[in-house]
Structures are given as structure tokens and as C-alpha cells.
There are 2 protein chains.
Amino acid sequence: MIRAAAACSGGLLGRAGAALWCAATSRGFAAAGSAAAEPYKVGLIGLGRMGARMAPRLLDAGHDLVVNDSNGLAVERIREIGAQHPNGSVTVRDSPAALAATPGVGAVLTVLPDPASLTEVFTGARGLLAAPGGLRPSLFINISTVDPDTARRLAERVARAQLAPGAAPLTASGRPALLDAPATGGVAGAEGGALCFSVGAADAADIGAARPLLRVLGSHITHCGPVGAGSVAKLCNALVMSSTMVAVAEALALGKRLNLDPAVLTDVLLSGSGRSWVVEKNNPAPGVAADSPASNGYRPGQQVDQVREQLLMLIAAGERVHSPTPMAKFAEEQYRVLHDEGVGGKDFSAIYRYRYGSGCDNAEWKSGEQLFSSQIP
Amino acid sequence: MIRAAAACSGGLLGRAGAALWCAATSRGFAAAGSAAAEPYKVGLIGLGRMGARMAPRLLDAGHDLVVNDSNGLAVERIREIGAQHPNGSVTVRDSPAALAATPGVGAVLTVLPDPASLTEVFTGARGLLAAPGGLRPSLFINISTVDPDTARRLAERVARAQLAPGAAPLTASGRPALLDAPATGGVAGAEGGALCFSVGAADAADIGAARPLLRVLGSHITHCGPVGAGSVAKLCNALVMSSTMVAVAEALALGKRLNLDPAVLTDVLLSGSGRSWVVEKNNPAPGVAADSPASNGYRPGQQVDQVREQLLMLIAAGERVHSPTPMAKFAEEQYRVLHDEGVGGKDFSAIYRYRYGSGCDNAEWKSGEQLFSSQIP
């Protein structure tokens with residue numbers, strides 16, 4: 001293992017201001033309330049579009065990773081990156097249980113695509129909680145977007161689990177704990193270390209223990225309340241973001257058919273009460289924002305189907321507490337059109353093309369060649 | 001009349017940087033393309049919530065106003081302000097026709113509540129175009145929000161009208177012209193001179209002639225295209241703003257019922273992909289944003305019924321060009337609930353209380369005392 005001082009000299013840290021950044025992000029030492037103050041390894045389960053982009057950042061910051069994913073190719077890619085990395089190493093484990101039994105692993109990040117796979121990673125026959133001899137890690141940070149009930153249920157299971165004899169806990173209580181820390185910002189945020197974490201925690205002190213890791217990956221950490229509150233915040237953010245996208249796409253498409261250039265309308269929206277992240281950073285009209293998914297073939301970004309799943313989770317959460325969610329239901333219906341067209345894997349801004357391009361002849365619409373050709377008479 | 005140099009010493013202009021501001025906003029001299037370069041009076045028709053807030057700013061900037069409104073009380077208020085104002089004067093005319101026949105009036109601003117009243121102001125029996133002896137003003141700047149067809153139709157009528165003999169035109173063509181210059185920013189924007197104008201003009205040079213007046217009232221001027229394009233942009237902005245509000249209200253209400261503080265959720269939204277003007281400046285949860293309508297009894301701001309009318313105009317414009325507007329229709333339905341509850345005069349952010357508070361007992365809901373009392377079990 002590389003010492004923190006060495007970590008500070010390489011990768012992302014070789015910059016002006018590195019010393020300050022190092023102080024906040026040098027790899028973990030056990031937090032207040034725990035006995036030992038030794039560097040720990042970081043478990044990372046889930047090497048999909050988000051997790052695969054987090055791993056290099058964690059290595060750059062000097063963390064040694066112990067990874068697991070059911071996708072062998074994804075594992076190989078990270079193993080290769082680790083083999084050549086100057087700051088951190090990558091060790092592969094063939095199950096979450098084996099990962100959780102690995103000596104030196106203090107914290108585990110889970111980055112799974114849905115509640116079912118996250119639940120399997122924790123409670124499956126070869127899940128984290130089935131670690132032979134008890135859990136080595138004590139701090140579980142779930143970055144996957146799940147419904148609040150799943151987050152709470154897993155947190156209860158984790159709180160009842162046993163640490164392995166001799167494991168040095170990072171949590172304030174000295175017992176295993178799960179933090180609910182879903183992230184907004186998508187693939188671009190994961191790549192740039194600009195994710196925003198909304199965190200739920202049974203014990204606020206545990207957020208302090210998680211902070212050095214989260215700060216490697218993100219720019220904002222908001223403590224939302226107890227476990228589950230982070231997921232509520234994430235789903236609410238998804239509702240606002242995805243509904244705003246429907247409105248912006250509808251407005252830009254209508255404007256275009258009325259001979260108003262999407263770039264000009266974007267200027268109007270950004271100058272006043274139509275301003276939003278969606279308009280500025282994820283503008284759905286190709287060519288308006290240079291780095292947007294729309295300007296890159298609607299490569300996600302945040303996939304239509306993921307956005308839909310989050311809306312469905314939010315709708316279910318609303319039903320449980322009798323809170324009306326007509327907008328979530330409406331927005332989900334709009335994105336379902338894209339799913340039914342077979343483009344559920346594209347960025348959610350593709351709604352501009354595949355929902356609002358539909359005034360054109362169908363063949364033209366699909367080819368996109370003469371998109372929005374029906375101009376004002 | 002007060003000379004421009006005097007205007008610069010008083011009111012809003014008595015500040016650091018006044019010289020620079022003066023250069024841009026000193027009262028109008030005829031624009032390039034016209035013969036004379038003399039100060040002109042400004043006509044202002046419509047002294048409602050928006051117009052009444054524009055008048056003092058125009059006086060502060062040294063403009064002499066000639067006003068008309070069918071509401072005698074509104075006229076009296078502005079007359080009194082004018083009587084005591086050090087920089088500018090107020091003259092009252094009892095009809096748009098009389099206003100347009102007043103010597104020295106170069107430009108006319110119209111700030112009416114709807115397309116019908118704007119049309120009446122221009123084409124009615126005592127309308128602007130019925131000015132005895134022809135039009136004294138040449139530059140008509142319509143700030144009212146109307147459908148693009150109404151804007152285009154009136155612009156055509158204005159272009160065919162005759163100037164009075166000896167009137168010094170401000171327009172590039174030397175003929176009367178109407179600019180389509182609806183504003184976003186609502187009452188707060190009008191009060192603070194922070195409106196954003198989306199402008200349509202047959203001749204872009206006329207925007208230069210209008211700019212000194214618009215800069216007294218606003219912070220952004222975007223040239224959108226020919227006449228009508230400004231209205232399209234305004235309606236599209238209204239769609240985005242009002243739909244975002246529905247989503248934000250739904251998210252904050254759901255979060256509250258799931259024990260997530262609206263202020264905390266607001267922090268999460270603002271830190272990432274849920275960011276918008278609505279969340280930041282017009283947050284619908286009381287107490288979250290200090291100066292928001294929600295924190296002031298939902299005093300508008302932008303009235304529910306005005307937002308609804310704009311959505312209906314947009315839907316009609318969409319139907320003409322076969323552009324789908326499901327979001328506009330959905331949002332209009334949500335705001336209609338408020339109209340039906342008799343709160344169409346409140347700020348549109350009141351949807352948080354009157355649409356999303358409806359999970360509670362009806363009496364509590366209406367009193368608002370135990371709003372959102374149905375918490376998570």
C-alpha cells in the first residue's frame with residue numbers, strides 16, 4: 001500500500017492546491033470514534049457506467065480498491081487500469097461475500113443499477129452479509145438509486161450484522177452501518193468528480209467518515225436526514241430534472257416549428273425564469289450545448305430507462321404516503337414512448353427527437369434527416 | 001422637458017457608474033435613419049400590475065410620459081407620482097387615439113393583460129390607429145404577452161398606418177413599426193428593472209431604437225426573429241417555467257410527506273441537475289426563499305390565471321403547426337385546479353399549497369394550518 005503522502009504527488013493531485021485537497025481526500029484513516037487510525041482499502045461493487053468512472057478517480061486519489069462485478073469484461077478493464085496505476089491497486093473478488101471477508105477493507109461503495117441487484121449484493125447467498133467469519137468493512141455507502149424502503153431495509157440488515165473479529169470499525173458506533181448516498185450528475189458527473197450526493201444516515205457522524213471518499217467523487221454532499229432520506233431526495237431530483245426536460249424539449253420543438261432557432265430560445269430561457277440545469281447543461285437540441293448528450297448522438301448521460309425507473313419508484317413512494325404525483329406519472333408516460341421505440345438506452349434528452357419530432361412523417365422522423373420539417377405555413 | 005444631462009443626476013441614475021448607464025438609457029433621441037435627433041415623450045398604455053411598475057422607472061430615467069388606462073384609479077396613482085417627480089412628467093390622455101395624436105410622443109409602450117384588450121387598444125374606435133390626423137409616434141413596443149398571430153396581425157396594421165405630417169420617425173424605415181417585445185420576470189422583474197425582453201422585429205435596426213427604453217426596464221434583450229418570434233419565445237418560456245413549477249411543487253410536497261425538509265431538498269436540487277430559476281427565485285414552499293411569493297402569502301408575482309392563459313395560447317399555436325404540446329395541456333390542467341378553487345389571482349407557485357396540499361383533510365388544506373400533516377406512517 002502507498003502512503004498518503006505518496007498519493008498526493010500523483011494523478012489528479014499533482015496540481016496547485018494539492019496539499020489542501022490531500023487533507024480532505026487522502027485515503028481513509030479510521031474516523032473519530034474508532035480505535036485504529038490505519039489506511040484502509042475501499043470495496044467497490046458495480047463497475048457499470050457509473051462505477052467504472054468512479055474507480056479511476058479513487059485510484060488517482062491513492063486508494064487501493066477491492067472490486068466485484070458480475071460482468072467479467074468490466075472487471076478486466078478495471079484490473080488493467082489498476083495494474084498500471086502509480087497510486088493505487090486493484091484486487092478482484094468473485095463475490096460480494098469474498099470482498100467483505102477481505103482483510104483491510106474498511107468501506108464498501110455499492111453502485112448497482114436497481115434495487116433488486118443491490119438487494120442481491122447485500123442479502124444474496126454470496127452477498128456482503130454472507131461474508132465468512134463476519135464483515136471486515138464497517139462502512140457501507142450505497143450510491144445506487146433505490147427506493148427509500150429498500151435503503152431502510154438494507155440499513156437495518158447491515159446494522160444487525162457482525163463485524164469480523166479484529167476488524168477496525170470506521171463508524172462512530174463501532175458497528176456496521178449503511179449510508180444512503182445516491183448521486184446526481186450522471187456519467188459526466190462521475191467522470192469529472194462532480195457528483196452531488198444526497199445522504200441519509202442513522203448517525204450523522206458516519207457522514208464524516210464517508211466524506212473523504214465522497215469528496216473524491218463529488219462536489220456537493222447534503223445531509224438529508226435518516227437512512228432513506230437520501231433516496232427520497234434523489235428521486236425528487238429525478239422528477240424535477242426529467243419533467244423539466246419534457247417541458248424544455250416541448251418548447252424547443254414548438255419554437256423550431258414556429259421558426260424560432262433553438263439556440264435563440266435557449267438564450268431567452270437562460271436569461272430569465274426558464275433557466276435550469278437542463279437548458280444549460282443537458283440541452284436536448286443537438287448543437288446548442290457543445291458537450292451535451294444531444295450534441296453527441298444522445299449518448300448517455302442518464303438513460304431514458306433509468307429515468308423511467310426512478311419515476312416509477314417515486315410514484316410508488318408517493319402512493320404509500322398519499323402524496324399526489326400526477327407530474328411523475330405524466331413524465332413517465334412521455335419517456336415510455338421512447339422505451340417503446342427501442343431507444344430506452346439513449347440519454348433522456350432524446351425525448352426532443354423521439355417524442356417531439358413526431359409531427360413529421362414517420363420515416364423521416366426515425367432517420368432524423370428532416371426532423372422538424374413541418375414549418376409554419 | 002428636462003435635458004438628458006439633468007436626468008442623469010437624479011433618481012436611479014444618481015449612482016456610481018451613472019455616466020455609463022446614462023449613455024445607454026438617457027431618454028430617447030431619434031435613432032439612426034431618422035432625420036431629427038430631439039428628445040421624445042414616451043406613451044404608456046396599460047397601468048396594471050406590470051405597467052404601473054414600469055412608469056416610475058421611466059420617470060426616474062428622465063422620460064416624460066403620456067399615459068392611458070381604462071382604470072381611473074390606476075391613472076390617478078401615476079398622475080400623482082408624476083406630479084412630484086423631479087425627472088419626468090406625466091400627462092394623461094383619455095384614449096389611445098388621443099395619446100397617439102399628442103405632439104412629441106415618439107414611442108408607445110403597450111402593457112395589456114390579454115390579446116383582446118391589446119387589439120382594442122390598437123384597432124378599436126378610439127384606438128391608436130384612429131389617431132386624428134395620423135400617428136405622432138412611430139415606434140410601438142408591445143410588452144403584453146399575446147399569441148404570435150395577434151402580434152403579426154397588429155404589426156401589419158401598424159405598418160400600413162400613416163404618420164402625422166411633421167412627426168419625426170424613430171424607425172429605420174421612417175414608417176410606423178410595431179416591435180413584439182414581451183417580457184419575462186413578472187412583477188419583481190418590472191419593479192427591479194430586471195425584465196428580460198424577447199423581441200421580434202421586421203427590421204432589426206428598430207430594436208436599436210427601442211433599446212434605450214427597454215434597458216430602463218430590463219436586463220436582457222434577445223432578438224428572436226421577425227415580429228411574432230418574441231411572443232413565441234415568451235410563451236415557450238412560460239411553458240418551461242410553469243411546468244418546472246408543477247414538478248418542483250410535486251417534489252417538495254412529496255418530500256415533505258416523506259419527512260424531507262423542503263429547504264434541504266431545495267439545497268439538493270440547487271446543487272445539481274434539479275437546479276432552476278423556479279427552485280432558486282420562486283420556490284413554492286413558504287419560508288425557503290425569503291423574497292419569494294410563497295414566503296409572502298403567494299402574492300403575485302405571476303398569477304395562476306395569466307400562466308394558464310399563456311399555456312392556452314401556446315397550445316393553440318402548437319395546434320396550428322402540428323407540434324405536440326402534451327406538457328402544456330397537462331400543466332394547464334393542474335393550474336386549472338387552482339382557478340376552480342378561486343385562487344387564480346395568486347402567484348402560480350401557490351400550486352404547492354392548493355394542488356399538492358390536497359392529501360390532507362379538506363378543511364385543514366384550505367386553512368393551511370396543518371398543511372401536509374399526513375406524514376409517513
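Let's start where two chains meet: helix H11(A) passes helix H10(B) in a right-handed crossing. Keep in mind as you look that this is a predicted model. Two packed helices are described by the angle between their axes and the distance between the axes. Here, H11 of chain A covers residues 262-271 and H10 of chain B covers residues 229-257, and they pack at an angle of about 55° with axes 10 Å apart. An angle from 35 to 65 degrees falls in the oblique class, and H11(A) and H10(B) are therefore oblique to each other.

Which residues make this contact? From H11(A) come Leu265(A), Val268(A) and Leu269(A), and they meet Ala233(B), Cys236(B), Asn237(B) and Val240(B) of H10(B). By character, the residues of this contact are six nonpolar, one polar and no charged.

Stay on H11 of chain A for a moment, since Thr266(A) lies there too. Is Thr266(A) buried or exposed? With a relative accessibility of 5%, Thr266(A) counts as buried, because the cut-off for that class is under 20%. Leaving aside residues up to four places away in sequence, Thr266(A) touches Leu252(A), Val279(A), Asn283(A) and Val288(A).

Now let's turn to the core. In soluble globular proteins, nonpolar side chains tend to be buried together. The largest nonpolar core in this model has 102 residues, and those with the most contacts inside it include Leu265(A), Met327(A) and Tyr335(A), along with Leu265(B), Met327(B) and Tyr335(B). Leu265(A) is already familiar from the contact with H10(B). Met327(A) is worth a look as well: not counting residues up to four places away in sequence, Met327(A) touches Leu239(A) and Ser243(A) in chain A, and in chain B Ser243(B), Val246(B), Ala247(B), Glu250(B), Met327(B), Phe330(B) and Tyr356(B).

Finally, some backbone details. Most residues other than glycine have a negative phi, and most peptide bonds are trans. In chain A, a cis peptide bond joins Pro300(A) and Gly301(A), with omega about 10°; Gly301(A) sits in the loop between helices H12 and H13. In chain B, the peptide bond from Pro300(B) to Gly301(B) is cis, with omega near 10°, and Gly301(B) is placed in the loop between H12 and H13 of that chain.

That loop of chain B also holds Tyr298(B), a non-glycine residue with a positive phi of about 60°. Tyr298(B) counts as buried, at 3% relative accessibility. Asn259(B), in the loop between H10 and H11 of chain B, has a positive phi of about 70° although it is not a glycine. Asn259(B), however, counts as partly exposed, at 47% relative accessibility.

Conventions
Residues are numbered from 1 along each chain as its sequence is written. Chains are lettered from A and ligands numbered from 1 in the order in which they are written. This is a predicted model: local features need pLDDT of at least 70, side-chain atom pairs count only at pLDDT 80 or more; totals for chains, interfaces and linings use all residues. Side-chain values use heavy atoms; hydrogens and water are left out. Axes are lines fitted to C-alpha atoms, for helices over the stretch in contact, and angles run from 0 to 180 degrees between N-to-C directions. Helices (H or I, at least four residues) and strands (E, at least two) are DSSP runs, numbered from the N terminus. Angles under 35 degrees count as roughly parallel, over 145 as roughly antiparallel, 65 to 115 as roughly perpendicular and the rest as oblique. A crossing is left-handed if the near helix is turned anticlockwise from the far one by less than a right angle, and right-handed if clockwise. Contact means heavy atoms within 4.5 Å. Ala, Val, Leu, Ile, Met, Phe, Trp, Tyr, Cys and Pro count as nonpolar, Asp, Glu, Lys and Arg as charged, and the others, Gly among them, as polar. Buried means under 20% relative accessible area, exposed over 50%, partly exposed in between (1.4 Å probe, protein chains only). A nonpolar core is a set of buried Ala, Val, Leu, Ile, Met, Phe, Trp, Tyr and Cys residues joined through side-chain atoms within 4.5 Å.
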